Amino acid sequence: MIGHDRLAVRKTYKLYVNGAFPRSESGRTYEVTDAKGHFQGNVAWASRKDARDAVVAARGAFAKWSGATAYNRGQVLYRVAEVMEGRHAQFCEEVATAEGLSTSKARAAVDAAIDRWVWYAGWTDKLAAVLGSANPVAGPYFDFSLPEPSGVVAVLAPQQSSLLGLVSVLAPVLATGNTAVVVTSRERPIPAVTLAEVLATSDVPGGVVNLLTGDAEELGPWLAEHADVDGIDLTGAPAGRAMEFEREAAGTIKRVIRPPATEPDWTADPGLSRMTPFLETKTVWHPMGV
Amino acid sequence: MSVFEYAPAPESRSIVDIAPSYGLFIDGEFVDGTGESFTTVNPATEEVLTEVSSAGDADVDRAVRAARRAFERTWGPMRPADRGKYLFRIARLLQERAREFAVLESLDNGKPIRESRDVDVPLAAAHFFYHAGWADKLEHAGLGPAPRPLGVAGQVIPWNFPLLMLAWKVAPALATGNTVVLKPAETTPLTALLFAEVCRQADLPPGVVNIVTGAGDTGRAVVEHGDVDKVAFTGSTEVGRSIARAVAGTQKRLSLELGGKAANIVFDDAPIDQAVEGIVQGIFFNQGHVCCAGSRLLVQESIHDEVIASLQRRISTLRVGDPLDKNTDIGAINSAEQLARIRELSDIGEAEGAQRWQPACELPDRGYWFPPTVFTDVSPAHRIARDEVFGPVLSVLTFRTPDEAVAKANNSTYGLSAGIWSEKGSRILKIADQLRAGVVWANTFNKFDPTSPFGGYKQSGYGREGGRHGLAAYLTGDDSK
């Protein structure tokens, strides 16, 4: 990728909040290395204030994103996969570097991540049919139930799988019409920053996804207790802290995905298990009569 | 004001036979609890009805072990069709003994016999009948190819619909192959104990249903027991929070059906008389002891005066008094504690500047009573517009445009239910789409049906009860979460 005698232009790795790429308001960065310990960059280290700003952005984007037609949301998400495909080589290099994978394993992870995104893109206009119902109540009502997004979902992304894992927790939140505040893998954030660049150029409205590079251990409690966050995925919570975060989340009756004991095999078929926790069911009793 | 006064028309209480004391129902037997016994009173008269055992930690442990045994040895391995047949039996037994249940419910809870007879008990039977049919069809429920029960369900229910909430909890749990330990509310344990007798008449295997009476400590013991796989709770958001904290870090599955502050939105094209009936039904049904009660009336400004005048006329005809009288519209407040809370919040409403209106209405000398109450000039910031009163207290707010109605309706930490009154179908569907609430009633209110999923958004809880969706709360397997 780099010319023979040419000095490379390096990137400043920043946050992705409300469709823009700000530095942390705190001015903090932290050093990220590859799997072998070589310097990769000074990455923005998101603060509690950045997390709060991200929640504001996600709340602001919720009405438009959840109110878009399912077809539109599906097309936007599919476009993300298209743009990811164009950055395939970059993702492979970054995933290989971040996770210390061989070229072929990194390629397999990137392939799976893009395909996973396509899979979720196709769900947007099927969820209501699969999860909704017409209810034969004993009375003169057309009674129906439909899935609706919970609102703003905080996601503590997996610490190990820097792209496939991230996509596997983020795409279901978006496909269901929620907006997201994501804390990326602390040690392996660079593929997430590139995904932010993909999202920024894929018709995903600003604020729908907000990516915070930084420390889930530091930001987790604030997101878990934040009164304007409706759900939290604790998959990437640091060992030993998940229970505390879940307790904080109980204060506002958040919907919670508990972390597995060890990071799961992200290549496995996810089913609906990552979408239904952040869906509400609305039942409407509509009168019938002449 | 009436031309003809009503003569008393009391339902006979001779159909119920209340024992001087009751034990716990564990492993198919009535046993004494190790905790201190407590009394349950008729809130309409303050008469002590009976003494009830309180389950201590050791009793709860016995109940959970009995439920585990039943899950592993009888109920779990049983042919699903047979599980269904037991539930059909229970549904029929509830219908056969319906009047007895209705009278007992009104005695213990204070709700009008008209409601216990026509709503609580028939719906409870319907819930068992509906879920009975699911027992051998679960693989067709769209919850994965081979859904499995979770195991032992610990269930804690409130005092506002004692038997109906029992049915909402027990029927889906049993239909999906789980066994249960149920804790009824401290002030209303009697119909649950009569239900235990129904389980015996149905020859339900011992340990499938266990009933542990007691107060908060008993509930806590159920929720925190290490061998409970599933916790289901209906009650206040405050207790819901503490339960969610208690199960944090465990593998227990949790469903919560908590408080509400429902908006009941009346548009200027609504049929006013019908809407007024719906407003009354929305807030005064069951003395307003309803989590989904329509406690915030949002009325379009142009029809405000007309609606309030009509509403006050209608409320003036409501009959408050003896719950066992078949003409009674509003019964007794369930407990002295709840009455105190209703009084406190109403006083705060007045102190904050809202106008209180109550009809001229004679209340009995003994018992816990609160007249139907309407607050006008309520601002969205008032406590009576934000806090759940859980009593016969309506707060009236106004709006000018549909957008304002939606914004005000959604301005709540709760999101359980809402109502829309309009003659225009397209408007109903548009507003229903924009409301952040789990149940939306249009041109009706407080309707329930076992086929219809019920449950909240936001801090009104999570999980659904009823319908195909309700099964998911008691099953595991691919996608069933």
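**Reading strands, helices and a shared sheet**

Reader: Hello! Which residue of β15(B) stands opposite B:Arg356?

Author: B:Phe375 stands opposite B:Arg356. β14(B) and strand β15 (residues 373-376) of chain B run antiparallel and are joined by three bridges. Two strands count as paired if DSSP finds at least two bridges between them. The elements are DSSP runs numbered from the N terminus: helices are H or I with at least four residues, strands are E with at least two.

Reader: And what am I looking at, before we go on?

Author: This is a predicted model, in which local features need pLDDT of at least 70 and side-chain atom pairs pLDDT 80 or more, while totals for chains, interfaces and linings use all residues. Residues are numbered from 1 along each chain as its sequence is written, and chains are lettered from A and ligands numbered from 1 in the order in which they are written.

Reader: How do I read a whole sheet, and what is the order of the ten strands?

Author: Follow the strands from partner to partner. The sheet is open, its pairing is mixed, and the order is β3(A)-β4(A)-β10(A)-β19(B)-β18(B)-β12(B)-β13(B)-β16(B)-β15(B)-β14(B). Because β3 (133-135) of chain A and β14 (355-357) of chain B each have a single partner strand, they stand at the edges, and one side of each is left without a neighbour in the sheet. On average, neighbouring strands are turned by 20° against each other, direction ignored.

Reader: Which helix packs on this sheet, touching β12, β13, β14, β15 and β16 of chain B?

Author: Helix α10 (residues 304-316) of chain B does, and its direction makes about 165° with that of β15(B). Such angles run from 0 to 180 degrees between N-to-C directions, with axes fitted to C-alpha atoms, for helices over the stretch in contact. Helix α11 (residues 336-351) of chain B lies across β14, β15 and β16 of chain B, at about 130° to β14(B).

Reader: Where do the two chains meet within the sheet?

Author: Strand β10 (residues 279-287) of chain A runs parallel to β19(B), joined by three bridges. There, A:Val284 stands opposite B:Val440.

Reader: How many residues of chain B are in contact with chain A?

Author: Contact means that C-beta atoms, placed from the backbone, lie within 7 Å. By that rule, 39 residues of chain B touch 32 residues of chain A. α8(B) gives the most to this side of chain B, with five residues.

Reader: Now chain A. Is β6(A) mostly covered or uncovered?

Author: Mostly covered: five of its five residues are buried. Buried means 20 or more other C-beta atoms within 10 Å of a residue's own, exposed means 12 or fewer, and partly exposed lies in between, with C-beta atoms placed from the backbone. A:Thr179, A:Val181 and A:Val183 lie on one side of β6(A), A:Ala180 and A:Val182 on the other. β6(A) pairs in the parallel sense with β5(A) over five bridges, and A:Val155 has A:Val182 as its bridge partner.

Reader: Which residues of helix α8 (residues 216-225) of chain A are buried?

Author: They are A:Ala216, A:Leu219, A:Gly220, A:Leu223 and A:Ala224. Their arc, taken from the directions from the helix axis to the C-beta atoms, is only 135°, which puts them on the same side of α8(A). The general idea is that an α-helix has 3.6 residues a turn, so residues three or four places apart point the same way. The buried residues of α8(A) pack against several elements of chain A, including α1 (48-67), β6 (179-183) and α9 (242-250).

How values were computed
Contact = placed C-beta atoms within 7 Å.
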